[in-house]
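Colleague: Please give me a close look at the charged side chains. I want to know where they sit and how they pair. Add whatever else helps me read the loops and strands around them.

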Amino acid sequence: MVEYGDIRVVYRGGSKINFRKPVISNDSRFLLCASGESVKVFSSVTEECVHELRGHTGQVTGVLLRPSNHLQVYSCSTDGTVRLWDFTDGILVRTYVVGYPVYSIYASLNHKEVVFIVTPVQSDKRTELFQLVAVNLPQTPDQLVEARDLSAVLSDVSSNPSTIAFGRGGEYLASVNNLKMEIYFFKKNKSYSFSLREYTKNGGKNTFTCIACHPKDDCVATGHDDGKIRLWRNFKQKKEYTYSTLHWHHSAVSSLCFTPEGTNLLSGGVESVLVQWRYNQENQKDFLPRLGAAITHVTVSPDGALFSTSHSDNKITIIQSCVKVSAVIQGLVKGENVTTGLLVDPRSKALVLNGRPGHLQFYSLQRDKLLFHLDIVQQEYIHEAGLEQFEVVRAAFDASGLWLATVEERKQKSAELELNLKLWSFDEQTQSFVLNTTVSAPHEARITAMCFSQAADSQTTTLVSASRDGHFKAWQLGLPAHTDDEGPSWSCDFVGAYHGLVPRCCCFSADGSLLAVGFQEVVTVWNPTSWELLTTLSQPPGDVRNLCFGQLSCSKYLLGSNNKKMVCCWNLLTCSLEWSTSMDVSLLLVDSRSENMAAFCCQDGSTDLFVFKPSEPRPLFSQKAVCSGRVIHAVFTPREVMLESSEESSQWLNRSQLYFLTEFMDLLTFSTKAEEEKLMASSKQLVIDDTVAMTPFYLLLGKHRHEHLGNEESAERTPLPQSSVAIKELLQTPAHVLPATSFLCSMFAKSLLISVTETSHHCFLSSSVSVVQISHSLYRGALSLTFSGVFWCKSYKEFKFYPLKIAS
Amino acid sequence: MGEFKVHRIRFFNHMPSAIRVMAFNSHTERLVVARADGAVEIFNFADNYYQEKVIPGRDGKAVEALCWVGRRLFSAGLDGEITEYDLENLRPRNSMEAYGGPIWTISSNSQGTLLAAGCEDGTVKMFEVLEDRIQFQRNLSRQKGRIISLSWHPTGSQIAAGMLDMIKIFDAETGHATHRLLVERGLQRTSNSQEVVVWSVAFLSDHTIISGDSAGKVQIWDGITGTLVRTHLLTKWDVLVLAVSPDESSVIAGTSEGTVVQFQFISSTVDQQDKQWVRTRTFKSHSHDVRALVHTDTAVVSGGVDTQLVVRPLLDKVEKNTQESAMRKIIFPHRNLVSCAKKAGLLLFQFSDHLELWRLGESDGNGETRAHTRLTSNLRVGRFGEDNICCSALSPCGGWLAYATVSSVRLYRLQLDNNITPLVPLSRLQVSKLPKELNSVHQLSFSSDSSKLFASSILSSVIVASVKELECKYLHTFKPPSGEQPVHLLSPSEDGNWLATANTGGEIHVFDLHCSVPVCGSCPTAVSIHPFSCSLVSVHADQQIFEFSLKQKEFTAWSRKLQKQGMHPLWLQRDAPITRVTFNPNNPTHILLHDTSMFCIVDQILPLPEEKTRFYNQSVLQSLSLGERLRNSHAFKVYRNFQNLLCVDLMEDHSLVVVERPLLDIVSQLPAPVQQKKFAT
């Protein structure tokens with residue numbers, strides 16, 4: 001087996017941003033959160049990701065502002081390091097090697113150059129025991145520092161970071177675990193512990209879930225499993241401690257947070273309501289309801305101006321202190337299982353999969369941003385355990401992205417299966433999918449596979465759905481029956497069956513001229529225009545799991561895998577078996593842009609990947625143990641910019657990327673060395689001006705301005721374009737006496753288009769070409785802005801020339 | 001072990017009265033509770049919360065305030081009188097008209113020399129407490145509007161009065177008002193025009209004033225400057241009562257929602273000294289208004305409209321997981337309200353204003369423990385006068401009925417038609433001439449042959465009178481050698497030779513023998529003389545059982561063994577006292593005991609329970625295998641099938657009469673509680 005050193009599996013996009021509490025910078029402009037193996041810096045105003053602090057090789061488990069320097073941030077990871085970053089510039093300042101996996105990190109002002117980390121107890125690896133350890137960070141100028149000066153503070157703590165908190169600027173430390181709370185005073189080196197009974201008389205569960213300490217008073221707030229919040233006071237006495245109970249949440253309180261002045265207490269839970277309690281006036285509380293999903297973390301910015309809540313659907317909501325939502329940062333929503341599989345929207349190139357309950361999400365992998373949710377079920381989701389609700393189980397796009405087919409089902413215990421097939425058409429005007437046809441009960445049993453005919457040029461699209469009831473049905477867009485106000489709708493065109501066997505998979509050939517349907521052990525090939533059975537392909541016994549037609553030059557091949565660990569390749573011209581090999585393929589997929597096919601094989605608890613061409617005997621690429629566990633879904637996504645890799649092993653990644661989803665719901669992909677270097681370079685390139693909130697658009701703008709300024713310094717101030725009388729008139733006449741903007745627009749734009757011969761502008765051009773290429777579309781957006789108002793142009797008119805020239 | 005035919009009776013409509021006000025005397029550890037019907041009950045907290053004394057009330061006399069002055073007890077009500085009680089003879093000693101209209105509150109200073117009364121006409125009247133009476137001293141300066149609540153500063157120099165919309169602070173020396181604290185009207189409820197009533201004030205020694213008002217606020221004021229320090233909004237409804245702990249570190253407030261909220265005086269940070277009042281715990285032990293609160297050193301005692309007295313120990317003050325840390329609810333009186341005529345099969349139910357007489361029907365004896373009781377006739381005896389009934393008795397033959405109020409005793413001759421159809425109503429004849437010695441009586445009892453009437457009277461004496469053919473003749477007065485406490489238990493022996501009496505001082509005397517049983521520390525809650533072995537069985541408030549042989553004049557061997565081994569912890573943890581001891585004539589070794597939650601047959605032959613053994617319910621025990629059953633059987637056989645028992649007695653035909661009073665029936669008769677939203681934001 002050849003080692004392909006330059007290709008590795010990485011987390012890229014779609015990682016959890018709600019894994020740990022986010023951190024808001026001192027000036028409330030940035031929000032930092034752990035996301036996979038990196039720390040993401042978001043702008044709290046524009047919701048854009050400004051930086052990605054890469055460097056950790058394990059999952060990042062905590063982010064913490066450095067108490068002595070508010071422009072620096074610590075991050076810890078399971079790779080056993082604590083790293084110090086300058087987050088405004090995105091620079092790694094120092095790496096402290098601890099040597100043990102770190103699960104959370106704390107620090108306080110009272111303890112200079114000491115961080116507290118939670119690590120597993122070393123003596124026994126099996127038991128889930130954790131301890132809180134103080135780490136002295138050595139003050140050396142080196143980049144890589146060994147931090148071996150550890151001292152245990154508390155044993156038997158929980159690995160959940162919200163169960164430990166520092167009180168009163170680090171005077172004491174409070175930790176909860178299960179039914180026990182421990183408060184440790186640093187000065188006296190003494191700890192007090194309090195325990196509760198497991199159940200109250202009314203049946204409430206007393207287990208501690210989270211803790212927060214009041215910043216000024218000796219008051220500790222704890223959240224409990226039954227939704228109660230207890231405010232503990234007077235805990236310096238073993239016996240005379242006292243607590244008051246606040247009860248609003250109906251189930252477990254997941255996060256608690258005091259505001260910096262200690263005037264309010266924020267709490268959140270599964271109700272997805274942020275509750276704001278007045279400290280010492282607990283009867284008065286404010287609510288921010290309908291936040292969308294269960295709250296997992298609540299944080300407050302150090303100046304108290306912003307709150308942020310993390311939600312279970314991988315979302316961070318930024319809330320102003322007047323309890324108003326100001327921004328939402330949405331990551332990839334990962335439900336409990338992805339039943340639709342991974343799809344790529346041909347139009348937007350976005351990844352499409354199950355999102356919120358009853359929704360499909362469209363996720364842009366390039367920008368690592370959720371584009372939108374499409375409500376498929378169109379029923380209110382009820383948060384109640386044990387309630388069966390409609391779920392989207394299948395989805396398919398046609399080749400042009402004009403049609404989307406979805407299947408939703410609900411299985412109630414005592415009732416029959418409810419199935420709905422919905423067809424959605426893309427509406428150019430609203431730029432979204434509009435429901436065209438709903439077919440209730442399209443089949444009598446669960447639908448096993450669904451696909452559109454692939455040919456993009458064909459006039460009529462066909463949808464084929466296969467079901468457990470032994471039939472496959474072809475659906476076609478028919479003409480409106482008699483009413484002419486309604487558009488065309490979908491109806492069933494053909495019902496096919498083969499000896500009462502259950503079809504498991506179906507596949508159209510690339511040109512749409514053939515349909516292959518796998519009926520248990522038999523592969524049947526149909527003609528989709530006449531619906532006649534062309535041939536059946538024999539196969540060694542075993543149910544067909546996957547079927548794929550080859551692409552491009554290999555389109556004469558049909559590949560199939562079965563559950564008896566066989567992969568077969570038929571030549572459709574000869575209708576004979578071309579080759580077969582013994583592999584336990586769990587997933588077989590084809591890249592629509594090349595001849596390549598990928599096969600994921602499950603072996604010994606891990607998954608191997610083979611990339612091959614059906615016509616060639618040797619695989620292009622293979623990697624053992626891509627990830628542990630099974631790969632459930634995978635997809636080839638087309639690249640926007642082709643890679644120019646010459647190496648044979650990584651050529652298959654040139655046109656498209658392979659994303660796959662493991663059974664632990666991690667979205668992984670393959671990355672080449674060249675690609676990573678390019679990414680690193682681009683992130684270093686971004687030098688940021690502090691004064692404006694950073695968005696990619698701003699970065700671009702700022703860069704231009706910066707270079708422009710630099711130029712002006714070096715050369716003599718370039719003469720401004722000869723301002724025409726029209727411009728002068730435009731810019732100096734008051735707005736209310738001007739004619740309509742649309743009237744002036746073309747004239748104005750023409751007047752801005754000055755001759756290209758001016759040499760001074762060419763030097764700007766050459767330096768900014770790369771930037772312009774990357775965000776071409778953005779410029780178009782900018783242009784439209786230009787025309788929308790004259791006064792905007794005035795302020796940015798120097799800048800606006802260049803893109804216009806490129807366009808022309 | 002014995003099977004009984006059971007008359008299960010649930011038609012005794014006993015309805016406890018709502019608790020109006022309470023006062024606690026920390027020296028004697030006595031809690032006094034006044035109920036809405038005017039009855040005053042005294043509980044001994046040192047003796048397992050036993051209800052020692054009950055002074056019945058009278059019509060039209062509602063007690064609005066109670067106050068201990070030393071060992072003396074004063075009460076005041078809306079009739080405008082201040083009453084002092086005679087706690088030895090269980091009757092009001094004297095009453096004094098205050099001439100200020102209805103009295104809302106009384107309060108004594110800590111020295112016990114002055115009693116202040118807040119009146120409807122806006123005056124605070126000061127009374128001097130003299131040896132035998134109280135004497136009006138003077139009025140503090142008269143205000144507009146009624147005085148609802150009063151609180152003395154511990155030094156006695158100032159007094160705070162809660163009124164409508166304001167609190168006034170008076171100088172006790174000069175009688176002038178020094179401060180006027182205006183209380184904000186309710187913001188949430190109804191309009192601003194409604195006056196806010198300051199239901200309760202507390203004046204602490206650091207000159208902090210805490211007030212609870214009808215707008216649902218607890219406010220903390222600085223009494224020196226007269227400024228508001230802090231407002232805690234507790235409820236949409238009223239804060240009705242406040243109570244301060246003896247060390248002034250904690251204040252509790254009772255609300256209309258049935259909650260009790262605790263405030264504690266704690267420092268905000270550990271090392272600093274500046275303390276503030278912080279709302280801490282909330283107790284919800286009532287369904288209705290909490291009208292009365294007492295904060296003892298270790299517990300919160302609350303009572304209200306739902307008639308229950310709840311003792312909730314504060315867990316930071318008592319040892320955890322001990323008997324002391326268990327919450328107690330006292331619902332039923334600790335004395336018998338039901339008398340049975342064993343021979344005639346009649347039952348007498350005592351209410352506060354009337355008596356009901358029922359005849360037991362034929363039970364369909366099908367071997368089950370449950371059988372129907374069909375009422376065949378009932379007789380209602382209305383009382384005379386305004387005083388409530390304090391005790392009643394029915395003779396075993398069913399021929400005589402006696403009851404007593406504070407001021408008088410009445411005796412009736414019942415004429416039974418045994419042989420004719422049972423539907424003929426009973427007739428009664430009043431015995432008009434009673435000996436004049438029978439005028440103040442706490443307890444009544446008939447001898448087993450129904451020829452004698454025993455009545456406990458003043459100075460713990462017992463009067464014996466013979467009753468025969470519409471005649472009642474005074475025979476004798478037994479005077480115990482010692483003791484001034486009232487006799488609360490009378491138990492004549494079956495053969496008529498002996499009479500056992502017990503008084504609230506804890507002494508048991510057996511007359512005709514003139515023997516005193518050695519005093520044990522706790523008050524007896526039930527005594528009875530065994531019909532055959534002539535031994536006296538007494539059960540005490542601390543749940544101890546003694547058996548005293550009257551022949552040998554010493555504790556029997558069984559009793560000594562029981563004391564030596566000690567009572568079983570589960571037995572000691574029960575919180576209701578045993579109120580009746582009876583014997584099974586068929587099985588002389590069996591003693592039948594009952595409290596409100598269970599009844600128990602103590603078999604003196606079987607071994608005593610070990611420390612670890614459990615008290616199985618007998619129905620559970622019967623479902624076990626034989627070996628298991630033998631292993632778990634011991635002297636204490638507990639039946640929990642019947643709940644909320646008011647009486648368990650064995651009739652002459654060996655059928656068991658069980659009188660139950662289900663709690664749901666009591667709850668359904670309570671007024672509707674205040675409306676509360678369960679889930680609301």
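**Charged side chains and their surroundings**

Modeller: Start with B:Asp247, which counts as partly exposed because its relative accessibility is 48%, and partly exposed runs between the 20% and 50% cut-offs. Keep in mind that this is a predicted model. B:Asp247 sits in a chain B loop, between strand E22 (239-244) and strand E23 (250-255). It has company on the surface. A:Glu240, B:Glu29 and B:Asp297 gather with B:Asp247 in a patch of negative charge. Note the letters: the patch draws on chain A through A:Glu240 and on chain B through the others.

Now the paired charges. Over all chains, the structure holds 36 salt bridges. I will take a few, including some on chain B.

Take B:Asp165 and B:Arg185. They form a salt bridge, with the closest N and O atoms 2.6 Å apart. B:Asp165 is in the loop between strands E15 (158-162) and E16 (166-171) of chain B, while B:Arg185 is in the loop between strands E17 (177-182) and E18 (198-203), so the pair ties together parts that are 20 residues apart in sequence. The partners differ in cover. B:Asp165 is buried, because its relative accessibility is 14%, under the 20% cut-off. B:Arg185, at 28%, is partly exposed.

B:Asp86 and B:Arg93 also meet through their side chains. Their salt bridge has an N to O distance of 3.9 Å, and the cut-off is within 4 Å. Here, too, the acid is buried: B:Asp86 has 12% relative accessibility. B:Arg93 counts as partly exposed at 42%.

B:Arg91 is another arginine to look at. It lies in strand E9 of chain B, which covers residues 91-97. It is partly exposed, with 31% relative accessibility. Measure out from B:Arg91 to B:Pro16 on your screen: the two are 75 residues apart in sequence, and their C-alpha atoms are 20 Å apart in space.

On to chain A. A:Arg410 and A:Glu418 form a salt bridge through their side chains, at 3.1 Å from N to O. A:Glu418 is partly exposed, with a relative accessible area of 27%. Elsewhere the links run on beyond a single pair. A:Arg168, A:Glu171, A:Lys187 and A:Asp218 are joined in a network of salt bridges.

Next, two chain A loop residues with unusual backbone angles. Most residues other than glycine have a negative phi. A:Gln520 is not a glycine, yet its phi is positive, about 45 degrees. Look for A:Gln520 in the loop between strand E44 (515-519) and strand E45 (522-526). It is partly exposed at 23% relative accessibility. A:Lys565 also has a positive phi, near 60 degrees. Its loop runs between strand E48 (557-562) and strand E49 (566-571) of chain A. A:Lys565 is partly exposed, with a relative accessible area of 46%.

Last, the annotated spans. An unreviewed UniProt entry lists residues 53-95 and 246-287 of chain A as "repeat: WD". In the model, residues 53-95 of chain A are 58% strand and 0% helix, and the C-alpha atoms at the two ends lie 13 Å apart. Residues 246-287 of chain A are 62% strand and 0% helix, with 14 Å between the end C-alpha atoms.

Definitions and conventions. Residues numbered from 1 in each chain as written. Chains lettered and ligands numbered in written order. Predicted model: local features only at pLDDT ≥ 70, side-chain atom pairs only at ≥ 80, totals over all residues. Heavy atoms only, no water. Patch = residues over 30% accessible without salt bridge, like charges linked within 9 Å, V, L, I, M, F, W, Y side chains within 5 Å. Areas by Shrake-Rupley, 256 points an atom, 1.4 Å probe, with all protein chains shown as cover. Lys, Arg positive; Asp, Glu negative; His and termini not counted. Charge placed at Lys NZ, Arg CZ, Asp CG, Glu CD. Helix = DSSP H or I, 4+ residues; strand = E, 2+ residues; numbered from the N terminus. Buried < 20%, exposed > 50% of the residue type's maximum accessible area, 1.4 Å probe, protein only. UniProt positions renumbered as here; feature names shortened; annotations may be inferred.
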